[in-house]
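Colleague: Got a minute to walk me through this one? I'd like to hear what stands behind the labels.

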Amino acid sequence: GDTPIDVPRDAAGVRAVNEAGRYAGLFHRLLERNVAFAPGAYEVLFCSLAHDDADIDRTVEAAHDAASALVAGGG
């Protein structure tokens, strides 16, 4: 089944996730899936007009897979 995780709901929660090093793990797992997010947890992500629905779907799937792998791997 799905492993419950605490989703950050405010700036303090985001800081705690970043300080725990979780974003770096997510970033690298996404790169392994050919998805390049911003390397820093506080950087903004943008879609462009060059991204079509299939690109967005692949990115969402890769993010889900990467986050699941991160949770399963313990960090």
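Modeller: Sure, let's start with Glu19, which sits in helix H1 (residues 11-19). Keep in mind that this is a predicted model, where local features need pLDDT of at least 70, side-chain atom pairs count only at pLDDT 80 or more, and totals for chains, interfaces and linings use all residues. Residues are numbered from 1 along each chain as its sequence is written, and side-chain values use heavy atoms, with hydrogens and water left out.

Colleague: Why is Glu19 called exposed?

Modeller: Its relative accessible area is 65%. Exposed means over 50%, buried under 20%, and partly exposed in between (1.4 Å probe, protein chains only), so Glu19 counts as exposed.

Colleague: What makes H2 and H3 oblique to each other?

Modeller: The axes of H2 (residues 22-32) and H3 (residues 53-73) come within 9 Å and cross at roughly 130°. Under 35 degrees is roughly parallel, over 145 roughly antiparallel, 65 to 115 roughly perpendicular, and the rest oblique. H2 and H3 are therefore oblique.

Colleague: Which residues make that contact?

Modeller: On H2, Arg22, Gly25, Leu26, Arg29 and Leu30; on H3, Ala62, Ala63, Ala66, Ala67, Ala69 and Leu70. Contact means heavy atoms within 4.5 Å.

Colleague: And what makes up the largest nonpolar core?

Modeller: Six residues: Leu26, Leu30, Val35, Ala62, Ala66 and Leu70. A nonpolar core is a set of buried Ala, Val, Leu, Ile, Met, Phe, Trp, Tyr and Cys residues joined through side-chain atoms within 4.5 Å. H3 gives the most to this core, with three residues.

How values were computed. Axes are lines fitted to C-alpha atoms, for helices over the stretch in contact, and angles run from 0 to 180 degrees between N-to-C directions. Helices (H or I, at least four residues) and strands (E, at least two) are DSSP runs, numbered from the N terminus.
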